[in-house]
Amino acid sequence: MNPIRRELLNGLIVLVVASLLSVAFAEFQVNFNAQLWVLILMGIAIAVSGYVVFEIALGYMASTEQREKALAESMRQREEEWLKRVGTPARFELNRDGDARGLAAVAEAVKAIRPGSDYTVMLYVGSAGGGETFFLNNLVGRREKTYNAALEQLKRGTIREYKRIICFDHDVLANDPELKSGILRVGEGPGTVDRSIGEHCRLMMETKGCSLYVAPAVLRSIVILYGSDKVSMSVETAEQTTGGRVTAGILFFSDPPNGEIIEQFRQMERETERRMVAVHKIRFPEDADSAASARER
């Protein structure tokens, strides 16, 4: 019970008992009435017994609440101990009917990342470049929430470094001089990225603690490393009408018990880093239009 309500109820009981006693003494001084005294004493007895029952009930409720809290805390401790011994099982967050559960799970994993961790994204871009539909169009807003979650954790100091490596097929990168020199283009076609990614990458270049690279693809998937103990990998399908890539869901692995799997992803990251090039410029389509207009003038 609320402490204020309890004190008010206690005060009311005391007031009732005091009033009955006052009436009893006043009646005794005026004229002794045995029947009235019996009624007054019965009233006092009822008030006192009610107060006693009330206190017993409160004590029982409090002890029950304490037992429930103790049980809940014991269960929480056992669960934590179980997770320490066994680990967090791998899980697959499936996107269904555009609900983007996988992207939401990525955002939650970013928010739960351990302080002082590095956050690394290896994003594979296929031959269609920015014209590829590896995410459904109605999920763009969810992607931006995931991007913002990473930047917020970086600004708070939870994430030590936010690194994004945009991976292209080997032949695309080899035949694109601009990519090899660290110029990332927004648009459509081989060697480009879509506008949503381009805008985020431009924001990364303006934010301390972020680093942006391009590299040949080692794994044709989207791999995210959350510190040293968690990794996620996209599971992608072919869109039946356009043939583009659609992310069907996200696989998550934790250490423990998936330490060996995470180490394999770490090796892929190191192999990618050996051939990556730092991005120093992001070119949007309007930049080319502005340059062409300037030349015409």
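## Exercises on a predicted model

In S9, Arg-245 is the bridge partner of Ala-238. Keep that pair in view as you work through this model, which is predicted.

**Exercise 1.** Find which strands join S9, and decide whether S9 is buried or exposed.

*Solution.*
- Start with strand S8 (residues 230-238), which runs antiparallel to S9 and is joined to it by 9 bridges.
- Turn next to strand S1 (residues 91-94): 4 bridges join it to S9, again antiparallel. Here Glu-93 has Ile-250 as its bridge partner in S9.
- Now check the cover. Of the 10 residues of strand S9 (residues 245-254), 9 are buried, so the strand is largely enclosed by the rest of the structure.
- Finally, place S9 in its sheet. The sheet is open, with 8 strands in the order S1-S9-S8-S7-S2-S3-S6-S10 and mixed pairing. S1 and strand S10 (277-278) are the edge strands, each pairing on one side only.

**Exercise 2.** Trace the salt bridges of Asp-118 and Lys-163, and say where their partners lie.

*Solution.*
- Asp-118 meets Arg-160 through a side-chain salt bridge of 2.7 Å, N to O. Because Asp-118 lies in strand S2 (residues 117-125) and Arg-160 in strand S3 (residues 159-168), the pair ties together parts that are 42 residues apart in sequence.
- Compare the exposure of the two. Asp-118 has 27% relative accessibility and counts as partly exposed; Arg-160, with a relative accessible area of 54%, is exposed.
- Lys-163 forms a salt bridge with Glu-273 (2.2 Å, N to O). This pair links distant parts of the chain, with Lys-163 in strand S3 and Glu-273 in helix H8 (residues 259-273), 110 residues apart.
- Lys-163 is at 10% relative accessibility; buried means under 20%, so Lys-163 counts as buried. Glu-273 is partly exposed, with a relative accessible area of 26%.

**Exercise 3.** Explain why Glu-199 and Arg-202 are separated by about one helical turn.

*Solution.*
- The two side chains meet in a salt bridge of 2.8 Å, N to O.
- Both residues sit in helix H7 (residues 195-205), and they are 3 residues apart, so about one helical turn separates them.
- For a wider view, follow shared partners: salt bridges join Lys-163, Arg-266, Glu-269 and Glu-273 into one network.

**Exercise 4.** Locate the surface patch of positive charge and name the helix that gives its largest share.

*Solution.*
- The patch gathers Lys-111, Arg-142, Lys-145 and Arg-156.
- Helix H4 (residues 140-156) supplies the largest share, 3 residues.
- Lys-111 belongs to helix H3 (residues 101-111). With 51% relative accessibility, Lys-111 counts as exposed.

Terms used. Residues numbered from 1 in each chain as written. Predicted model: local features only at pLDDT ≥ 70, side-chain atom pairs only at ≥ 80, totals over all residues. Heavy atoms only, no water. Patch = residues over 30% accessible without salt bridge, like charges linked within 9 Å, V, L, I, M, F, W, Y side chains within 5 Å. Areas by Shrake-Rupley, 256 points an atom, 1.4 Å probe, with all protein chains shown as cover. Salt bridge = Lys/Arg side-chain N within 4 Å of Asp/Glu carboxyl O. Lys, Arg positive; Asp, Glu negative; His and termini not counted. Charge placed at Lys NZ, Arg CZ, Asp CG, Glu CD. Helix = DSSP H or I, 4+ residues; strand = E, 2+ residues; numbered from the N terminus. Buried < 20%, exposed > 50% of the residue type's maximum accessible area, 1.4 Å probe, protein only. Pairing = 2+ DSSP bridges.
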